[in-house]
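Please work through the exercises below with the sequence and the model open side by side. Each task is followed by a solution that goes step by step.

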Amino acid sequence: MSAAKKRMQAEVSMLLVAAIWGSTFVVVKNVLQEIGPFLFLGLRFLLAFLVLLFLSFPCIKKTNRHTLLAGGILGLFLFIGYVFQTIGLKYTTSTNAGFITGISVVLVPIIFSLLYRQRPTVSTTITVILAATGLFFLSFPRNSFSLAYGDFLVLICAFGFAFHIIFVDRYSHQHNAIAITAVQIFFVGIVSMLIGLISEPWPEHFSANLLTALFITAVFATSLAFLLQNDLQKYSTPTRFAVVLTTEPVFAALTGYLWAQEILSRRAMFGAGLILVSMLISILTRKSKNLVEANV
């Protein structure tokens with residue numbers, strides 16, 4: 001098979017992953033009526049860890065104390081991202097959550113510049129202005145300067161994912177990729193489960209809707225998505241993959257419209273478009289040495 005054909009197949013597969021990730025916003029929002037966010041995350045990530053353990057046990061066996069420490073740090077940022085995203089979904093639309101989560105791509109070069117005391121580039125400044133303007137039109141009510149509560153929580157989630165991206169760049173090359181991801185997934189699962197057991201009631205029964213949501217998010221959106229990304233990225237480039245993955249909020253908006261009858265106003269649609277453009281500019285102007293999100 002030619003290199004071009006392999007690259008096309010890899011990128012089409014990642015488009016499918018983006019569609020899965022985008023669709024999980026409305027899936028999670030719907031299921032939060034039946035289960036608390038911490039218990040849901042605990043079950044989702046522990047199940048995802050078991051799937052990874054079954055599919056990649058030889059790699060996970062390579063976990064050592066250094067991988068546990070690095071994976072724990074990454075898991076903390078991943079935990080912040082998913083907790084605020086999931087709780088935020090109780091108070092905002094899946095469409096808004098998808099686009100605001102995508103702002104993490106824009107936040108990465110800003111946080112990177114602050115951490116390493118580098119002056120932001122012109123393109124980085126432009127993307128921040130575009131993303132901030134887009135957020136204003138998407139999430140601030142007309143004639144108000146008060147950010148909607150659910151959107152504020154998801155914005156915190158975007159910061160968590162941005163820090164996760166940066167520290168993945170720092171630690172990932174030092175450890176087996178699957179092993180360190182398994183540690184992160186287990187960290188999020190066990191911490192979420194412990195908090196959920198203390199603070200949330202256990203569901204009286206697990207409906208078909210809840211079981212389906214757990215299966216989709218744990219198996220497809222976490223374990224298999226990560227394995228696909230690791231297996232296929234060698235056939236393309238990080239930048240091309242990142243561009244493909246910017247379709248995630250678009251799929252979130254599409255599934256929100258089809259499954260939850262979510263409709264963006266013209267004002268919100270303009271804001272969402274600005275956020276999407278800022279994501280694309282941030283990725284396309286990023287030098288090869290910079291960071292690209294490793295979603296798990």
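## Exercises on helix packing and residue environments

Phe137 is partly exposed, with a relative accessible area of 25%. The model used throughout these exercises is a predicted one.

**Exercise 1. Classify the ring pair formed by Phe136 and Phe137, and place the pair in its aromatic cluster.**

Step one concerns accessibility: Phe136 has a relative accessible area of 26% and is partly exposed, and Phe137, at 25%, is also in the partly exposed class. Step two sets the pair in the overall tally, which comes to 12 aromatic pairs. Step three takes the geometry: the ring centres of Phe136 and Phe137 are 5.7 Å apart and their planes stand at 80°, so the pair is edge-to-face, given that planes over 60 degrees apart fall in that class. Step four widens the view, since Phe136 and Phe137 form one aromatic cluster together with Phe140 and Phe270.

**Exercise 2. Describe how α7 packs against α13, and determine which class of mutual orientation applies.**

Begin with the axes, which come within 7 Å and cross at roughly 160°. That angle makes α7 roughly antiparallel to α13, because the class takes in angles over 145 degrees. The crossing of the two helices is left-handed. Turning to the residues, α7 contributes Thr127, Leu130, Ala131, Thr133, Gly134, Leu135, Phe136, Phe137 and Leu138, while the α13 side includes Arg267, Phe270, Leu274, Ile275, Val277 and Ile281. Sorted by class, the residues of this contact comprise 13 nonpolar, 6 polar and 1 charged.

**Exercise 3. Work out the orientation of α6 with respect to α7, then with respect to α8, and give the handedness of each crossing.**

Take α7 first. Helix α6 covers residues 104–115 and helix α7 residues 122–139, and the two pack at an angle of about 135° with their axes 10 Å apart. That makes α6 oblique to α7, and α6 passes α7 in a left-handed crossing. On the α6 side the contact is made by Val106, Pro109 and Ile110, and on the α7 side by Thr124, Thr127, Val128 and Ala131. These residues divide into 5 nonpolar and 2 polar, with no charged residue.

Now take α8, which spans residues 149–171 and packs with α6 at an angle of about 60°, the axes being 8 Å apart. That makes α6 oblique to α8, whereas the crossing in this case is right-handed. From α6, the residues Ser104, Leu107, Val108, Ile111, Phe112 and Leu115 meet Ala158, Phe159, Phe161, Ala162, Phe163, Ile165 and Ile166 of α8. By class, the contact of α6 with α8 has 12 nonpolar residues, 1 polar and no charged.

**Exercise 4. Is Thr255 buried or exposed, and which residues does Thr255 touch beyond four places in sequence?**

First locate the residue: Thr255 belongs to helix α12, residues 248–260. Its relative accessibility is 10%, and Thr255 therefore counts as buried, the cut-off being under 20%. Once residues up to four places away in sequence are set aside, Thr255 touches Gly22, Ser23, Val26 and Ala260.

**Exercise 5. Examine Gln261, and state what is notable about the sign of its phi angle.**

Gln261 lies in the loop between α12 and α13. With a relative accessible area of 59%, Gln261 is exposed. Its phi is near 55°, which is a positive value in a residue other than glycine. As a general background, most residues other than glycine have a negative phi.

**Exercise 6. For Leu224 and for His66, set the separation in sequence from a named partner beside the separation in space.**

Leu224 is found in helix α10, residues 208–232, and at 30% relative accessibility counts as partly exposed. Leu224 and Trp259 are 35 residues apart in sequence and 24 Å apart in space, taken C-alpha to C-alpha. Neighbours within four places aside, Leu224 is in contact with Leu55 and Val219.

His66 is found in helix α4, residues 65–88, and with 45% relative accessibility also counts as partly exposed. His66 and Gln174 are 108 residues apart in sequence, while their C-alpha atoms are 9.3 Å apart in space.

Note on methods
Residues numbered from 1 in each chain as written. Predicted model: local features only at pLDDT ≥ 70, side-chain atom pairs only at ≥ 80, totals over all residues. Heavy atoms only, no water. Axes fitted to C-alpha atoms, helices over the stretch in contact; angles between N-to-C directions. Helix = DSSP H or I, 4+ residues; strand = E, 2+ residues; numbered from the N terminus. Parallel < 35°, antiparallel > 145°, perpendicular 65-115°, else oblique. Left-handed = near helix turned anticlockwise from the far one by under 90°. Contact = heavy atoms within 4.5 Å. Nonpolar A, V, L, I, M, F, W, Y, C, P; charged D, E, K, R; others polar. Phe/Tyr/Trp six-rings, centres within 6.5 Å; stacked < 30°, edge-to-face > 60°. Buried < 20%, exposed > 50% of the residue type's maximum accessible area, 1.4 Å probe, protein only.
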